[in-house]
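This report describes a protein model in terms of its confidence, its strand pairing, its internal spaces and one selected residue. The sequence and structure are shown first.

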Amino acid sequence: MGQSGRIDTLYHYTDFSALDGILSNAELRLNNVLNMNDASEMTFFMSSLCKAVAERFQKEGDVIRAKWTEKLFSAEKDKEFVYSAYAACFSCYRDDAAQWERYANRGRGVCIALRYDLLKKMAVEPLSLQTVFYRDDVGEHELVEILYRLIRRHKAPWDTSPAIRAALNHAWAASAAYKHPSFSSEKEVRLVVSPFEQGFFNVQPRYHISNERIKKYYPVNLQKLCQIADTQMDEAITELIIGPESTQSVPILQDYLRDMGYKKLAEKVTHSACPLRQKL
């Protein structure tokens, strides 16, 4: 992070297989949030949002709208997988021990540093770059006020309102950028897409098949995003950091990058200084 808390660079911790996919295919995978280590957070966010809106009506003595709010959100939670969002995750922290351990093959992977300003330009609709919201209490989220005002303004049946439907879609997208406060040390930012908004997102899903399971993901064409931001991939990427537990040779990684056509990026390879050591 830069001065005064300004974000200059985002860091994507991953493994070398994923790095090869990103560079050789110029493609970034957006994975289902439900497959991540904080999968329950989407449901928790929606439940907390419901509670906060319903409590506003209860305090006003508007029992009918309070109960209808609970009914509305109960129906929404049954659609969790349908409305689940897909995301690529970044941290504001460089060379961070927790990130290496959790997301980069226990320190044996690699960290890709990207310019925040360029990534922000790349995040055109339906993509959005969202700073993760860490709170036990969702009551201060802007969506509480938005949904409260929409429901208060409309007469029954409120669920036919396009504005309420749009706000609920927004809520599902926002839930993909919510995490429990215990994760706040990650200082995370996510590139998010909600593919249920089919009118805006026509990318076909793909599937990664491993020995253990099948994962669904959406590929994002990095070349197209770079064109939007008027840049090149090896300009958007400011550094490649080899993990503290990795045995990867710097010269071999540089040769790989040059042979892939990323000559500028080959000069940006560094090695982690993090004193991470695996437990015996």
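## Confidence, strands and spaces

The mean pLDDT of the protein is 86, and 89% of its residues reach 70 or more. The model is a predicted one. Among the elements, helix α10 (residues 250–259) has the highest mean pLDDT, 97, and strand β7 (residues 178–179) has the lowest, 80.

Strand β4 (residues 110–115) is a useful starting point for the fold. Five of its six residues are buried, so β4 is largely enclosed by the rest of the structure. Strand β4 pairs with two other strands, as set out below.

| Strand paired with β4 | Sense | Bridges | Bridge partner of isoleucine 112 |
|---|---|---|---|
| β1 (residues 9–14) | antiparallel | six | histidine 12 |
| β11 (residues 237–242) | antiparallel | five | leucine 240 |

Isoleucine 112 thus has a bridge partner in each of these strands: histidine 12 in β1 and leucine 240 in β11.

Strand β4 also borders an enclosed space. The count comes to one cavity of 30 Å³ or more, and the largest cavity holds about 120 Å³ of space. Its lining comprises 13 residues, and those nearest its centre are Ile22, Leu28, Leu114, Leu222 and Ile237. Two or more lining residues come from each of β4, α5 (116–122), α8 (222–228) and α9 (233–236).

The largest pocket has a volume of about 1,200 Å³. It is lined by 39 residues, of which Thr14, Asp15, Asn31, Tyr103 and Lys215 are the closest to its centre. At least two residues of this lining are supplied by each of β1, α1 (16–24), β2 (27–32), β3 (86–91), α4 (97–103), β8 (188–193) and β10 (214–221).

What surrounds glutamine 130? This residue lies in strand β5 (residues 128–131). Glutamine 130 is classed as buried because its relative accessible area, 17%, is under the 20% cut-off. Beyond residues up to four places away in sequence, glutamine 130 touches Ala173, Ala174, Ala177, Val189, Arg190 and Val192. One of these, alanine 174, is 44 residues apart from glutamine 130 in sequence, yet the C-alpha to C-alpha separation is 8.0 Å. Within β5, the side chains of glutamine 130 and serine 128 are joined by a polar contact of 3.0 Å.

Technical notes. Residues numbered from 1 in each chain as written. Heavy atoms only, no water. Helix = DSSP H or I, 4+ residues; strand = E, 2+ residues; numbered from the N terminus. Buried < 20%, exposed > 50% of the residue type's maximum accessible area, 1.4 Å probe, protein only. Contact = heavy atoms within 4.5 Å. Polar contact = N/O pair within 3.5 Å; in protein donor to acceptor, adjacent residues only side chain to side chain. Pairing = 2+ DSSP bridges. pLDDT = per-residue confidence, 0-100. 1 Å grid on protein atoms, 1.4 Å probe; cavity = no way out; pocket = protein on both sides within 12 Å on 5 of 7 lines; lining within 4 Å. Points joined across faces, edges and corners; volume = space filled by probe spheres on them.
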